[in-house]
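Me: I have a structure open and have not looked at it before. Can you take me through some of it?

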Amino acid sequence: MLLLDCYSDLLVTSQLQFEFKAHRSTNTCTMILKETVSYHITHQSSVYCTVLDATKAFDRVKYTKLFRLLMACHLPPVVLRVLLFMYIHSVARVPWNDCASRHFSVSNGVKQGGVLSPLLFCVQFNGLLYKLSDAGYGCYIGHTFAGVLAYADDVFMLGLQLLPCIRC
């Protein structure tokens, strides 16, 4: 929590990501999704939506990529070293019935249930949102891109097909 309080301003993510932001929530994301669809239907367009729930997304975070991105965020070196130590020396064990496995090292992924984990995932996922936005495909409301909306590892991609104009 201390890292979030002190350094969340350095861990800025895309405006299309709604996780860990003041005045943003799943409700905000859902409202923008509904308003975007409504806007395009009102303007005679068919809207197509693809919903992606990235399977085991937190488990697939690569430490090398994550820490390069965190360095680019200009976190203080001591914070980076603490996080790196926590993740490099992370161990786990699997409970089963009344037994548990031996400890084994964890070599990738952010900690399930960790306070920082959703934000660290969002920092890594950020690049994809920027690429999708920069590609220019998808829905816009005026000049504002609304073609991809994300809440952590849940992603909505919105596309259009213009309906032919029918003249009487």
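Me: How do the axes of α3 and α4 cross?
Reply: This is a predicted model. In it, the axes of helix α3 (residues 63-72) and helix α4 (residues 77-88) come within 11 Å and cross at roughly 170 degrees. An angle over 145 counts as roughly antiparallel, and α3 and α4 are therefore roughly antiparallel to each other.

Me: Which residues make the contact?
Reply: From α3 they are Y63, F67, L70 and M71. From α4 they are L80, L83, L84 and Y87.

Me: How many of those are nonpolar, polar or charged?
Reply: The contact of α3 with α4 has 8 nonpolar residues, no polar and no charged ones.

Me: Staying with α3, which residues are buried?
Reply: Y63, L66, F67 and L70 are buried in α3. These residues cover an arc of only 90 degrees around the axis, which puts them on the same side of α3.

Me: Why would residues a few places apart point the same way?
Reply: An α-helix has 3.6 residues a turn, so residues three or four places apart point the same way.

Me: And what is exposed on the other side of α3?
Reply: T64, R68 and A72 are exposed there.

Me: What covers the buried residues of α3?
Reply: The cover includes α4 and α5.

Me: Then α5. Is S117 buried or exposed?
Reply: S117 is found in helix α5 (residues 117-135). S117 is buried, with a relative accessible area of 1%.

Me: What is S117 in contact with?
Reply: Leaving aside its neighbours within four places in sequence, S117 is in contact with F58, Y87, V110 and K111. Y87 is also one of the α4 residues in the contact with α3.

Me: New topic, backbone angles. What is the usual sign of phi?
Reply: Most residues other than glycine have a negative phi.

Me: Where is phi positive here, then?
Reply: H74, just after α3, takes a positive phi of about 65 degrees. Q44 has a positive phi of about 65 degrees too, although Q44 is not a glycine. A152, also a residue other than glycine, has a positive phi near 60 degrees.

Me: Where do Q44 and A152 sit?
Reply: Q44 is in the loop between α2 and β1 (45-53). A152 lies in the loop between β8 (148-151) and β9 (154-162).

Me: Buried or exposed?
Reply: Q44 is exposed, with a relative accessible area of 54%. A152 is buried, at 7%.

Me: What about I41, where is that?
Reply: I41 is in helix α2 (residues 26-42). I41 is exposed, with a relative accessible area of 52%.

Me: How far apart are I41 and L160?
Reply: In sequence, 119 residues; in space, 9.8 Å from C-alpha to C-alpha.

Me: Last topic, cysteines. How many disulfides are there?
Reply: A search of the whole structure finds 0 disulfides.

Me: What is the nearest cysteine sulfur to C29?
Reply: That of C49, 9.9 Å away, and C29 is in no disulfide. C29 is buried, with a relative accessible area of 2%.

Me: And how far is C139 from the closest cysteine sulfur?
Reply: The closest sulfur is again in C49, 8.7 Å from that of C139. A disulfide needs the two sulfur atoms within 2.5 Å, so 8.7 Å is too far for a bond. C139 counts as buried, at 0% relative accessibility.

Conventions: Residues numbered from 1 in each chain as written. Predicted model: local features only at pLDDT ≥ 70, side-chain atom pairs only at ≥ 80, totals over all residues. Heavy atoms only, no water. Helix = DSSP H or I, 4+ residues; strand = E, 2+ residues; numbered from the N terminus. Buried < 20%, exposed > 50% of the residue type's maximum accessible area, 1.4 Å probe, protein only. Axes fitted to C-alpha atoms, helices over the stretch in contact; angles between N-to-C directions. Parallel < 35°, antiparallel > 145°, perpendicular 65-115°, else oblique. Contact = heavy atoms within 4.5 Å. Nonpolar A, V, L, I, M, F, W, Y, C, P; charged D, E, K, R; others polar. Arc of directions from axis to C-beta.
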